[in-house]
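Here is a short briefing to read with the structure open beside you. Take it topic by topic and turn the view as you go.

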Amino acid sequence: MADKLNILVICGSLRKGSYNAALTRALPALAPEGMNLITAPPIGTFPLYNADIQDASGFPGPAEDLAAAIRAADGVLFVTPEYNWSMPGVLKNAIDWLSRMTPQPFAAKPIAMFGAAILMYFVVQTQLVK
Ligand SMILES: Cc1cc2nc3c(=O)[nH]c(=O)nc-3n(C[C@H](O)[C@H](O)[C@H](O)COP(=O)(O)O)c2cc1C
């Protein structure tokens with residue numbers, strides 16, 4: 001096992017003035033001893049998931065970049081707003097792309113989620129971790 005746990009931080013907001021993006025930027029300096037908090041590559045350039053794109057040209061480069069970063073990490077932390085009692089579409093879209101990949105980037109990865117919002121009700125259920 002590495003000296004330090006490497007945790008990849010994925011931000012769920014694209015907004016320039018995003019509170020969650022500000023939190024994401026602040027996190028590396030706030031990491032506890034024994035942990036690196038690493039900012040993930042951006043998810044805003046992923047095309048909308050379409051199996052035809054996947055069939056024709058494989059996974060988009062930015063999705064492959066994020067998958068590689070997740071596979072290299074010991075765990076994943078989502079920092080995201082809640083949109084309408086769920087996750088923002090941009091984050092769901094990224095997860096949809098990642099969910100089709102083999103080897104599965106999220107397999108056996110511990111995942112946590114937090115964010116800057118007044119209320120956060122939504123529950124993440126995943127069958128990706130096998
Ligand atoms: C489309 C949309 C849906 C939202 N739905 C919720 C919600 O369900 N619960 C909540 O607490 N805030 C909700 N909000 C408010 C966001 O949490 C708030 O705007 C937050 O600042 C967005 O995160 P950001 O600052 O990182 O962009 C919603 C905002 C938007 C734009």
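Which residues does Pro110 touch, not counting those up to four places away in sequence? They are Asp74, Gly75 and Val76. Before going further, please keep in mind that this is a predicted model.

**Around Pro110**
- You will find Pro110 in the loop between α4 and β4.
- Along the sequence, 33 residues separate Pro110 from Leu77, while in space their C-alpha atoms are 8.6 Å apart.

**The protein as a whole**
- Four helices and four strands make up its secondary structure, and along the sequence they follow the pattern β-α-β-α-α-β-α-β.
- The protein has 130 residues, and 36% of them count as buried.
- Take the contacts between residues at least 6 apart in sequence: 81% of these join residues at least 24 apart.
- The accessible surface is about 7,800 Å², and carbon and sulfur atoms account for 58% of that area.

**The sheet**
- The four strands form an open sheet with parallel pairing, in the order β2-β1-β3-β4.
- At the edges stand β2 (35-39) and β4 (111-114); each has a single partner strand, so one side of each is left without a neighbour in the sheet.
- On average, neighbouring strands of this sheet are turned by 25 degrees against each other, direction ignored.
- β3 and β4 run parallel and are joined by four bridges.
- To see where β4 meets its partner, look for Val79, which stands opposite Phe114 in β4.

**Helices packed on the sheet**
- Helix α3 lies across β1 and β3, and runs at about 150 degrees to β1.
- Helix α4 (residues 89-99) has these buried residues: Leu91, Asn93, Ala94, Ile95, Trp97 and Leu98.
- What do the buried residues of α4 pack against? Their partners are two strands, β1 (5-11) and β3 (75-79), along with the helices α2 (51-57) and α3 (61-72).
- As background, an α-helix has 3.6 residues a turn, so residues three or four places apart point the same way.

**A closer look at Thr24**
- Thr24 sits in helix α1 (residues 19-30).
- Is Thr24 buried or exposed? Its relative accessibility is 5%, and because buried means under 20%, Thr24 counts as buried.
- The side chain of Thr24 reaches the backbone oxygen of Asn20 at 2.8 Å.
- Leaving out residues up to four places away in sequence, Thr24 touches Val9, Cys11, Thr39 and Val79.
- Val79 thus links two of these topics: Thr24 touches Val79, and Val79 stands opposite Phe114.

**The ligand site**
- How many residues surround the ligand? There are 13, and the closest are Ser13, Arg15, Ser18, Asn20 and Glu82.
- In the side chain of Ser13, an N or O atom is 2.7 Å from an oxygen atom of the ligand.
- Asn20 also has a polar side-chain atom 2.7 Å from an oxygen atom of the ligand, and the backbone oxygen of Asn20 is reached by the side chain of Thr24.
- From Asn84 it is a backbone N or O atom that lies 2.8 Å from a nitrogen atom of the ligand.
- On its own the ligand has 630 Å² of accessible area, and the protein covers 67% of that.

Technical notes:
Residues are numbered from 1 along each chain as its sequence is written. This is a predicted model: local features need pLDDT of at least 70, side-chain atom pairs count only at pLDDT 80 or more; totals for chains, interfaces and linings use all residues. Side-chain values use heavy atoms; hydrogens and water are left out. Buried means under 20% relative accessible area, exposed over 50%, partly exposed in between (1.4 Å probe, protein chains only). Contact means heavy atoms within 4.5 Å. A polar contact is a pair of N or O atoms within 3.5 Å; within protein, one must be able to donate a hydrogen and the other to accept it, and residues adjacent in sequence count only if both atoms are side-chain atoms. Two strands pair if DSSP finds at least two bridges between them. Axes are lines fitted to C-alpha atoms, for helices over the stretch in contact, and angles run from 0 to 180 degrees between N-to-C directions. A residue is near a molecule or strand if one of its heavy atoms lies within 4 Å of it. Accessible areas come from the Shrake-Rupley method with a 1.4 Å probe; for residues, only the protein chains shown count as cover.
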